[in-house]
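Reader: I'd like to go through a model with you and ask how each label was earned. Could you show it first?

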Amino acid sequence: MTGLFVPSAVNAAKVYIDGGKMHVGIAEVDLPEVKHTTAELEGFDIGGKLEEPIVGHTDQLDLTLKFMSLNTTIDYVNNQDVHTIQVRASHQFVDPATGKNVFIGIKVDARGKIKEFKPGTIKTGEKTDAELVMSCQYYKVEMGGTEMVHIDKLNLIGSVEGIDLMSTIKNLIT
């Protein structure tokens with residue numbers, strides 16, 4: 001659906017923590033980079049080295065919450081408990097056929113533990129730019145109601161565009 005429209009920008013976004021109210025003071029969210037775990041293949045009948053992605057497995061998934069300044073949200077989540085972060089955004093597109101704006105929802109759900117706290121810099125008249133980095137056990141992104149990626153490291157879930165990449169593997173080990 002979004003392939004027909006020209007992407008403009010994120011129009012608005014909100015962040016919810018543990019299913020509760022929206023938390024203010026969050027300036028930006030860096031979503032995890034999905035990098036597949038690989039095995040290096042090398043040997044006879046292979047023209048050099050080859051990195052082969054391991055189906056359904058990813059390297060570390062880190063989500064970063066960037067705050068304008070130190071605040072109580074940081075205290076709440078920086079405690080080594082498991083927390084759920086939900087990002088809800090409205091992405092603005094332009095329909096090239098009509099020139100009109102089209103808005104499509106983005107949903108991001110992540111669950112994990114905070115592994116890093118950067119309090120930032122204190123300077124008169126400036127923001128502190130504090131950061132929290134979450135090590136994600138669970139990560140899901142939907143756009144316009146379509147699942148883009150769904151990873152649950154503790155339950156062997158690894159799907160892309162709704163296709164369960166782990167189904168065959170789970171059947172072989174159960």
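Author: What follows is a short round of questions on strands, salt bridges and exposure. This is a predicted model, so local features need pLDDT of at least 70, side-chain atom pairs count only at pLDDT 80 or more, and totals for chains, interfaces and linings use all residues. Residues are numbered from 1 along each chain as its sequence is written, and side-chain values use heavy atoms, with hydrogens and water left out.

Reader: What makes β1 and β6 a pair?

Author: Strands are DSSP runs of E with at least two residues, numbered from the N terminus. Two of them pair if DSSP finds at least two bridges between them. Strand β1 (residues 6-17) and strand β6 (residues 82-94) are joined by 10 bridges and run antiparallel, so they pass the rule. As one example, Ala9 stands opposite Gln92 in β6.

Reader: And how do you know that β6 pairs with β7?

Author: Same test: 13 bridges link β6 to strand β7 (residues 101-118), in the antiparallel sense, against the required at least two. Val82 has Lys113 in β7 as its bridge partner. The hairpin of these strands has 6 residues between them, and Gly99 there takes a positive phi near 80°.

Reader: Why is the contact of Asp30 and Lys66 called a salt bridge?

Author: The term asks for a side-chain nitrogen of Lys or Arg within 4 Å of a carboxyl oxygen of Asp or Glu. Asp30 and Lys66 meet at 3.0 Å, N to O, so the label holds. The two sit 36 residues apart, Asp30 in strand β2 (residues 26-30) and Lys66 in strand β5 (residues 62-67). By this rule the count comes to 9 salt bridges.

Reader: What makes Asp30 partly exposed?

Author: Buried means under 20% relative accessible area, exposed means over 50%, and partly exposed is in between (1.4 Å probe, protein chains only). Asp30 has 29%, so it is partly exposed. Lys66 gets that label too, at 22%.

Reader: How do you know that Lys115 and Asp62 form a salt bridge?

Author: Their closest N and O atoms are 3.1 Å apart, so the cut-off is met. Lys115 lies in strand β7 and Asp62 in strand β5, so the pair ties together parts that are 53 residues apart in sequence. Lys115, at 45%, is partly exposed, and Asp62 is partly exposed at 27%.

Reader: Which residues does Lys66 share a network with?

Author: Salt bridges with shared partners join Lys66, Asp30 and Glu28 into one network.

How values were computed
Helix = DSSP H or I, 4+ residues; strand = E, 2+ residues; numbered from the N terminus.
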